[in-house]
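Biologist: I should like to understand how this model is built. Could we go through its parts in turn?

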Amino acid sequence: MDEASVARGGLAPRLWLAGGWLLLALVAAIFAPLIAPQDPLAQDLMLERLPPFWLDGAEPGYWLGTDSLGRDLLSRLIFGGRIAFIVAFAAATSACLLGSALGLIAGYFGGWPDRIISRIVDVWMAFPPVLFAILLVAVLGTGLSSVILAIAIIDWTRFCRVIRAEAMSQARMDYVESARIAGYGRMGIMLREVLPNVLPSVVALLSLEMGIAVIVEAILSFVNLSISTDDPTWGSIIAEGRLSIHQAWWVLVFPLITLILTVLSFSQFGEALKARFDPVLR
Amino acid sequence: MSANREPCLDIRGLSAVLANGQRVLRSVSLAVQPGEVRALVGESGAGKTMIGKAVLGVLPKSVRIVEGEMLIEGEDLGRLDPKARRTLIGARTALIPQDPLTALNPSRRIGPQMTDRLVRILGWNTERADKRIRQLLDEVQIRDPERVLKSYPHELSGGMRQRVLIAAAFAAEPRLIVADEPTTALDVTVQKQILRLIAQLQRDHGTAILFVTHDLGVVAKISQKVSVLYAGKVVEEADTEALFAAPQHPYTRALMTATPRYTDPYASLKPVDESVLAGLTAEIAAADQAWRPGHG
């Protein structure tokens, strides 16, 4: 066991840094009403465009400054995190379940199921994803569930392709043949023998996809197609910040940093988890 | 072994073709009597592994059996429906595979992987399966079964993995084991031990083995009977001793001269004689011309 933990040592900082940031952001989002210093929707034109705390003219209690309507930026970021995480978890999980299941079937069974699923994936991926998302939300109507649905509908192909390739290479392994000889059914082999071997990839992709979902949600917010405009989302804050970049750069910069850190953390966390999950890499 | 007993495995006139119609097995007949080791020897591509896969019901989709019968203890596999065939194969046969790394599931520990089959397929209770596995690990001379049972496949050496697979193959007391080049992927030093182990367990359990190999040295050590395969055709069949004493077919003779000898390690390697191969190839081509599936 000692050797194993030494080998893991190299991965640990990445895992802890990424995991730490995600945990912090998640806790802040969950307990937003308790943690946020101000009401994220409260406007006060007396307090418009306050700079962050270390600059002249900052007000106590408005740590990261305010936007052009005098709303507290930190509070808006914290509340925006709620939507970001809900979308990340719900959309990524849905995309993952759908894509992985189809990918596993296509890769393991091959033949006509594979041909059908692969053709659908090819066609699906020919659509430009962001345009597709905007179209879908335009058709489904704005709102949290539409955004989640749109992301899941667009991004399942990502899982499908990778898991199909992995399942295919696993299906060629002798242990699958041995299980066949021993008398296991095909379904049983797929779920009990092949699935555990593609699971590390599923986990890594899932985490990566959460980051992507956060980006897509931000893009949709940016073009005003996400949630109702009242609720703060990272994308909508960025959109607002863009307009006042010359007067109040912080309104653009802080949500961008938050977004980038979160997306990066999701992908790094996924990679580190994969390395942990995979007995061969471990 | 009394002559009136049913063969453990009986293959009669088995022919198989690829999707493009090319013949890969040419009316192969061979039998393995209970408790007997029959070597199936031939160069790569001769179809030896194909025969093993056919018996175990795991031929690739591109290969189609067009004629012939395979009987396991008198039961014709071709007459059983797929489910009954799977059950019969699962209960009476086992495989010792060529590559001990890919033959074990990399993400599952050895213990559960070995007992799983006994419990889930054969319906043993966990305790009995566990005891059985430990007994078999002891038989294949694994000294620290606790560690091995808890290990993942990649944590064991190639030799250890092959021992585990041998133990697993014998665990359910199959009547017939197909050993598909079980020593080819191993170091030469380990090969010998593994071969000895297989021979030992085979004697102790009285299991019939179809031993697929390209190595005549291995054939001499382990088998009582030999079938020599060339291009999917059995060209010679004999008792092992008789074959080595007096090979009848020119191809067998050529194969033997091509085998390097320890007694004369500096002699240059001799390839199989071209004229022998040319003769064989012509013979087979002629037979293929005349051949129609179902008419032998």
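The following exchange treats the sheets of chain B, a pair of helices and the contact between the chains.

Modeller: This is a predicted model, in which local features need pLDDT of at least 70 and side-chain atom pairs count only at pLDDT 80 or more, while totals for chains, interfaces and linings use all residues. Residues are numbered from 1 along each chain as its sequence is written, and chains are lettered from A and ligands numbered from 1 in the order in which they are written.

Biologist: Which strands are the edge strands of the open sheet of 6 strands in chain B?

Modeller: Helices (H or I, at least four residues) and strands (E, at least two) are DSSP runs, numbered from the N terminus. Two strands pair if DSSP finds at least two bridges between them. The sheet has mixed pairing and the order S6-S7-S8-S3-S9-S10 in chain B. Each edge strand pairs on one side only, and these strands are S6 (93–96) and S10 (233–239) of chain B.

Biologist: Why is strand S9 of chain B described as largely enclosed by the rest of the structure?

Modeller: A residue is buried if 20 or more other C-beta atoms lie within 10 Å of its own, exposed if 12 or fewer, and partly exposed in between, with C-beta atoms placed from the backbone. In a regular strand the side chains alternate between the two faces of the sheet. On one side of S9(B) lie Lys225(B), Ser227(B) and Leu229(B), and on the other Val226(B), Val228(B) and Tyr230(B), all buried. S9(B) (residues 225–230) is therefore largely enclosed, since its buried residues number 6 of the 6.

Biologist: Which residue in the turn between S9(B) and S10(B) has a positive phi?

Modeller: S9(B) and S10(B) run antiparallel and are joined by 6 bridges. Tyr230(B) has Lys233(B) in S10(B) as its bridge partner. The two strands form a hairpin with 2 residues between them, and the residue with a positive phi, of about 50 degrees, is Ala231(B).

Biologist: Which residue of S9(B) stands opposite Leu40(B)?

Modeller: Strand S3 (residues 37–41) of chain B pairs with S9(B) in the parallel sense over 4 bridges. Opposite Leu40(B) in S9(B) stands Ser227(B).

Biologist: In the open sheet of 4 strands, what is the bridge partner of Ile11(B) in S2(B)?

Modeller: This sheet of chain B has the order S2-S1-S4-S5 and antiparallel pairing. Strand S1 (residues 9–18) of chain B pairs with S2(B) over 6 bridges. The partner of Ile11(B) in S2(B) is Leu30(B).

Biologist: Are helices H6 and H7 of chain B roughly parallel or roughly antiparallel to each other?

Modeller: Axes are lines fitted to C-alpha atoms, for helices over the stretch in contact, and angles run from 0 to 180 degrees between N-to-C directions. Angles under 35 degrees count as roughly parallel, over 145 as roughly antiparallel, 65 to 115 as roughly perpendicular and the rest as oblique. The axes of H6 (residues 158–171) and H7 (residues 188–205) of chain B come within 11 Å and cross at roughly 15 degrees. H6(B) and H7(B) are therefore roughly parallel.

Biologist: Which helix gives the largest share of the side of chain A that touches chain B?

Modeller: Two residues are in contact if their C-beta atoms, placed from the backbone, lie within 7 Å. By this rule 15 residues of chain A are in contact with 21 residues of chain B. The elements giving two or more residues to this side of chain A are helices H8 (174–182) and H9 (186–222) of chain A. The largest share, 7 residues, comes from H8(A).
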